[in-house]
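Hi there,

Here is the structure I promised to pass on to you. Have a look at the backbone first, and my notes follow below.

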Amino acid sequence: MLPVMGFAGIGDKDERFYVTDEMWATEPYKKFVFLATVVSKDNWVGACTAQYVSPNLILSAGHCVEDGADYRARNYTQEWFEVELLEKEFTAVGENDWALFLVKDSKNYGDSYFNVSSLNGSENFVPVLHAGYGFLRIIKDDELEKIKKFIKKVNRKYFLQFKFRGATTQELVAELQNSDLGIAPLAEEFPPRLKASNCQLVLTDCSQRGSGCSSIHRSLRRSKNYPNIIATTCDSMQGDSGGAYVGTNGYGSLHAVVSYGSNLAASAFDDNREFSYASSALQFKNKIAELIRKYPATYTNSSTSVAS
């Protein structure tokens, strides 16, 4: 996983909500998958979010891939199953950060999946649903002020030393838990529960001041290394990587996936609530179409291959 300066709800409130087991089996939440990276038996080195983009293909983030690792997934049936890495790209934060996996057994095929749809450049502040398996629990309203003051102090130390990339969420949580604030444990048990929120994709040209973008986002967009990055107003943290941003009109269209979360830094040092960066569907939709043709969903209880 990439290091993240991620902390849910460091704003006015933690706007995420839990997806209950009953909700998980309904649209659109049944399309989301928990993805675990396994390097040896019982050695789980990473956890990300993924989602079905065809009955037998799931999409996640490229930085979730580890050399020599195996991958297991868990969908709304709450049963673990194996998936195989097909292809991945990871150029930089938000830039070609995607991975596609093949579901090996037809009994684990998705009975519904997202259509991948990129947005045109004229659209801006697009409302989306985001869901992911970020490992921090939802923070209660009466905890926020205590946590905000503490994290701003801690974050300033990491900000000055590492320029937004120096601390993992776990390190920040450890400092918080060792404080005298009396906050209950924040990390959920493994695997974490699916959580969702409603937010926006920020697609405006961020090269100029006054464009509605944070200073962080403007600086990234001015860099030649990040010409296509999408900022979002969504809270995200470790475990959310690879999770989809889904259009709210019918919840069937996937526009981008989580690449990097910097919500803590953005909220502590900038007035704009731009917390995460996304890898656009422009970067992977053609590859998905290619792999759907190459790997048609073949059901073992039928002699017919059904293209997804």
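Please keep in mind that this is a predicted model. My notes are about backbone geometry, in two parts.

Cis peptide bonds

As background, most peptide bonds are trans. Going through the loops, I came to Glu 27 and Pro 28, which are joined by a cis peptide bond. Omega there is about -5°. Pro 28 sits in the loop that runs between helix H1 (21-24) and strand E2 (32-40).

Further along the chain, the bond from Phe 190 to Pro 191 is also cis, and its omega is near -10°. As for where Pro 191 lies, look in the loop between helix H3 (169-177) and strand E10 (195-202).

Positive phi values

Again as background, most residues other than glycine have a negative phi. Gln 78 is not a glycine, yet its phi is positive, near 65°. You will find Gln 78 in the loop between strand E5 (70-74) and strand E6 (80-92). Is Gln 78 exposed or partly exposed? Its relative accessibility is 35%, so Gln 78 counts as partly exposed.

Tyr 251 is another residue other than glycine with a positive phi, this time near 55°. Its place is the loop between strand E12 (244-247) and strand E13 (253-261). With a relative accessible area of 30%, Tyr 251 is partly exposed.

If you open the model in your viewer, Pro 28 in its loop and Tyr 251 in its own would make good places to begin.

Best wishes

Definitions and conventions
Residues numbered from 1 in each chain as written. Predicted model: local features only at pLDDT ≥ 70, side-chain atom pairs only at ≥ 80, totals over all residues. Heavy atoms only, no water. Helix = DSSP H or I, 4+ residues; strand = E, 2+ residues; numbered from the N terminus. Buried < 20%, exposed > 50% of the residue type's maximum accessible area, 1.4 Å probe, protein only.
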